[in-house]
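Please look over the chain shown here. The report below covers its domains, its core, its surface and a few single residues.

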Amino acid sequence: MLMPPLIHKWNMLKDEDKDLFPLLECLSSVATALQSGFLPYCEPVYNRCISLIQQTINQDMANTASPGQYEQPDKEFMIVALDLLSGLAEGLDGHIESLVVNSNIMELLFQCMQDIMPEVRQSSFALLGDLTKACFQHVARYIPDFLPILGQNLNPECISVCNNAIWAIGEISIKLGAETRLYIPLVLNQLIAIINRPNTTKTLLENTGKIL
């Protein structure tokens, strides 16, 4: 009984309507809780999230190229869409594979991971970790592109970004196994610095310790 009114609201709201923010956050929690019970609704929700991310990236590129002609986008649309995709990946687990394979999510994720806004990178790294757990076969070929970016974001001054980057590295290393050694030089010095840094938060220490 919960989903029909939520989906009705979802269909009524336009992409530029900021009322989407709380709805996307709500759907993320629902998708995580319902797990495979969310399958009947997952495809249109997934596709719209991809569309919101693509639109925001396109608007940002247009603004960068011609700031006087195009307005700067509200990146909150992209952030909540990334978070909802994380909720889908966590809730649907392997069932998300068919959606991932038919979309350009990895290319979009690569761009989001390099965004200047920390909150965008934070959500991107969380999604990368969730996709690594759910369907690593589609993440694997992008690892040489993703890991250098993760290594560049191991700055404990940005705790949430750093923590999500470390968590994503940990999930990737679990899947890669012995192949992880190929990428150790990209992250080792930063991880050791985090471990040795005074007043490092408990969560950062725990996630870093799991990798080392």
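## Exposure and N199

A residue counts as exposed when its relative accessible area is over 50%, and as buried when that area is under 20%. Values in between make a residue partly exposed. The model is predicted.

N199 has a relative accessible area of 75%, so it is exposed. This residue sits in the loop between helix 10 and helix 11 (202-211). Its phi is near 65°, a positive value in a residue other than glycine. Most residues other than glycine have a negative phi.

## A second positive phi

Q35 also carries a positive phi, about 55°, although it is not a glycine. Where is Q35 found? Q35 lies in the loop between helix 2 and helix 3 (39-65). With a relative accessible area of 46%, Q35 is partly exposed.

## Two domains

The domain assignment splits the chain into domain 1 (1-139) and domain 2 (141-211). Their centres, taken over C-alpha atoms, are 24 Å apart. On the domain 1 side, 19 residues take part in the contact; on the domain 2 side, 18 residues do.

## The nonpolar core

The largest nonpolar core holds 70 residues. Within this core, F38, L88, I96, L131 and L150 touch the most other members. Helix 4 (residues 76-92) gives the most to the core, with eleven residues. Why does this core lie between the domains? Domain 1 (1-139) and domain 2 (141-211) both give residues to it, so it lies between them.

Take F38. Leaving aside neighbours within four places in sequence, F38 is in contact with M3, L27, V30, A31, V45, L88 and L92.

## S28 in helix 2

S28 is found in helix 2 (residues 20-34). Is S28 buried or exposed? Its relative accessible area is 14%, under the 20% cut-off, so S28 is buried. Not counting residues up to four places away in sequence, S28 touches D83, L84 and G87.

## A nonpolar patch on the surface

Six named residues build a nonpolar patch on the surface: I184, L188, I192, I195, L205 and L212. Together they have about 440 Å² of accessible area. Which helix gives the most to the patch? Helix 10 (residues 184-196) does, with four residues.

I192 is found in helix 10. Its relative accessibility is 37%, which lies between the 20% and 50% cut-offs, so I192 counts as partly exposed.

How values were computed: Residues are numbered from 1 along each chain as its sequence is written. This is a predicted model: local features need pLDDT of at least 70, side-chain atom pairs count only at pLDDT 80 or more; totals for chains, interfaces and linings use all residues. Side-chain values use heavy atoms; hydrogens and water are left out. Patches are made of residues with over 30% relative accessible area and no salt bridge: like charges are joined within 9 Å, nonpolar side chains (Val, Leu, Ile, Met, Phe, Trp, Tyr) within 5 Å. Accessible areas come from the Shrake-Rupley method with a 1.4 Å probe; for residues, only the protein chains shown count as cover. A salt bridge is a side-chain nitrogen of Lys or Arg within 4 Å of a carboxyl oxygen of Asp or Glu. Helices (H or I, at least four residues) and strands (E, at least two) are DSSP runs, numbered from the N terminus. Buried means under 20% relative accessible area, exposed over 50%, partly exposed in between (1.4 Å probe, protein chains only). A nonpolar core is a set of buried Ala, Val, Leu, Ile, Met, Phe, Trp, Tyr and Cys residues joined through side-chain atoms within 4.5 Å. Domain bounds come from an automatic or database domain assignment. Contact means heavy atoms within 4.5 Å.
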